[in-house]
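Please open the model in your viewer and keep the selection panel at hand. We will go from one stop to the next, with something to select at each.

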Amino acid sequence: MSNPITPSSAEPVVTASDPIPVPVNRIPTPAATPPDILRCAYMEIVVTDLAASRKFYVDVLDLVVTEEDEHTVYLRSFEEFIHHNLVLRQGPVAAIAAFSYRVRSPEDLDRAVAFYTELGCRVERRAEGYVKGIGDSVRVEDPLGFPVEFFYDVEHVERLAWRYDLYTPGALVRLDHFNQVTPDVPRAVAHMEDLGFRVTEDIQDEAGTTYAAWMRRKPTVHDTAMTGGDGPRMHHVAFATHEKHNIIAICDKLGALRMSDVIERGPGRHGVSNAFYLYIRDPDGHRIEIYTQDYYTGDPDNPVVTWDVHDNQRRDWWGNAVVPSWYTDASLVLDLDGEPKPVVSRTDDSELEVTIGADGFSYTRKGDDAQGFKLGNTL
Ligand SMILES: [Fe+2]
């Protein structure tokens, strides 16, 4: 239900609640209470060359090794106190094995089992956990096709926040969010709202097509985003730095190492989220975002921000182009047997196409005909 609370001339549009239309094909809302999710906690990534990936994440990005063995590396950020934020596991196909969320209590694992069982999803539970450092865990293939994990029990490790002797100029201090590619964004949003997520921002067009939505549990812009495209796939996982200059330092280091080709997009300032950003690709092509300085969203009446898909500043506040690979490339996700999930094509309009296709256009000042359209200049 749209409920404007700012003048209609303002861009983007701010509303009091989720403005995304409820789809007719929506996934049923379970009667069961959803688990109380605290935050995105870690991602388990399958890599095809563990040594190369370790070099990228540890030697280049300076993530902290909590523990490792011949097949697996457990990494965390400087402010983290749980065992890890990223698991690199050697495997035959580069893909994502789990999007993992921490829940508020052990009882929330029972709630997760009941919630997804009612939805008819595949549900597994392991008291000993699936990875080191994590205890009792529930893994599901959610109705959108993603492998999702919930846990409470976790091994605490040293929070390195005060260890400035260890900090590097581009230190990654927190896991910030996931970003998932799904063909039907409104359907995905409705399901995630059933799971307790709330929409912070979204991108739509005049016809009501929704191209992406950002959704939160913790009081930041998001714990995950739903990006419209062929899916289920993983678009990126994002780590936060303290400040913008830390992201510049990462770019400088990549240049010094003659690795500037891993920079896919940015650095820049997002319109959506207002955060400073950089997108890079790991040795398998998994996309990592470095992200900092979005805004607080913890009040229950946090306003929702809707961007026009034709607004040239929505994805880069300075109007810089989005490269096509950013829209088209993403990582496969695995089912609970470790097999890649089939990818379903998006049938709704594609953001890439509507902003640069035959009928596409974008604007910097809505209604300013004198500027013309930046056809071909921006995605
Ligand atoms: Fe992101």
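**Stop 1: the VOC annotation**

Start with residues 39-153. Over this stretch the chain is 20% helix and 41% strand, and the C-alpha atoms at the two ends are 14 Å apart. Next, select 174-293, where helix accounts for 19% and strand for 46%, with the end C-alpha atoms 12 Å apart. Both ranges carry the feature "domain: VOC" in UniProt, in an unreviewed entry. Please bear in mind on this tour that you are looking at a predicted model.

**Stop 2: two domains**

Now colour by domain. Domain 1 takes in 13-29 + 170-349, and domain 2 covers 37-162. How far apart are the C-alpha centres of domain 1 and domain 2? They lie 19 Å from each other.

Show the residues where the domains meet: 38 residues of domain 1 are in contact with 39 residues of domain 2. On the domain 1 side, pick out β10 (174-182), α3 (185-194), β14 (233-240) and β19 (331-333), each of which supplies at least two residues of the side that touches domain 2. β10 has the largest share of that side, with six residues. If you colour this side of domain 1 by residue class, you will find 19 nonpolar, 10 polar and nine charged residues.

**Stop 3: R26**

Select R26, in the loop between β1 (13-15) and β2 (37-47). Which residues does R26 touch, leaving out those up to four places away in sequence? They are R187 and A190. R26 is partly exposed, because 16 other C-beta atoms lie within 10 Å, and a residue is called buried at 20 or more and exposed at 12 or fewer. For a sense of scale, draw a C-alpha to C-alpha distance from R26 to V131: the two are 105 residues apart in sequence and 33 Å apart in space.

**Stop 4: strand β2 and its partners**

Move along to β2. Nine of its 11 residues are buried, so β2 is largely enclosed by the rest of the structure. Now add β6 (residues 95-103), which runs antiparallel to β2 and is joined to it by eight bridges. To see one place where they face each other, label E44, which stands opposite A98 in β6.

Then bring in β5 (residues 86-90). In which sense do β2 and β5 pair, parallel or antiparallel? The pairing is parallel, over five bridges. Label V47 as well, and look across to its bridge partner in β5, Q90.

**Stop 5: the nonpolar core**

Keep β2 on screen and turn to the largest nonpolar core, which has 91 residues. Within this core, M43, L86, L88, V189, A213 and M215 touch the most other members, so they make good residues to show as spheres. β2 gives the most to the core, with eight residues. Domain 1 and domain 2 each contribute at least three residues to this core.

Zoom in on L88 for a moment. Apart from its neighbours within four places in sequence, L88 is in contact with I45, V47, L50, S53, R54, Y57, T72, V73 and L75.

**Stop 6: two cis peptide bonds**

Go to G231 and P232, which are joined by a cis peptide bond with omega of about 10 degrees. P232 sits in the loop between β13 (224-228) and β14. Then select G266 and P267, where there is a cis peptide bond, again with omega of about 10 degrees. P267 has its place in strand β15 (residues 263-269).

**Stop 7: two positive phi angles**

Finish with the backbone at D62, in the loop between α1 (50-60) and β3 (64-68). Although D62 is not a glycine, its phi is positive, at about 65 degrees. Is D62 buried or partly exposed? With 19 C-beta neighbours inside 10 Å, D62 counts as partly exposed, since a buried residue needs 20 or more.

The last selection is Q293, in the loop between β17 (287-292) and β18 (304-308). Q293 is a residue other than glycine with a positive phi, near 65 degrees. Q293 has 16 C-beta neighbours inside 10 Å and so counts as partly exposed.

Notes:
Residues are numbered from 1 along each chain as its sequence is written. This is a predicted model: local features need pLDDT of at least 70, side-chain atom pairs count only at pLDDT 80 or more; totals for chains, interfaces and linings use all residues. Domain bounds come from an automatic or database domain assignment. Two residues are in contact if their C-beta atoms, placed from the backbone, lie within 7 Å. Helices (H or I, at least four residues) and strands (E, at least two) are DSSP runs, numbered from the N terminus. Ala, Val, Leu, Ile, Met, Phe, Trp, Tyr, Cys and Pro count as nonpolar, Asp, Glu, Lys and Arg as charged, and the others, Gly among them, as polar. UniProt positions are given in the numbering used here, feature names are shortened, and annotations may be inferred rather than shown by experiment. Two strands pair if DSSP finds at least two bridges between them. A nonpolar core is a set of buried Ala, Val, Leu, Ile, Met, Phe, Trp, Tyr and Cys residues joined through C-beta atoms within 7 Å.
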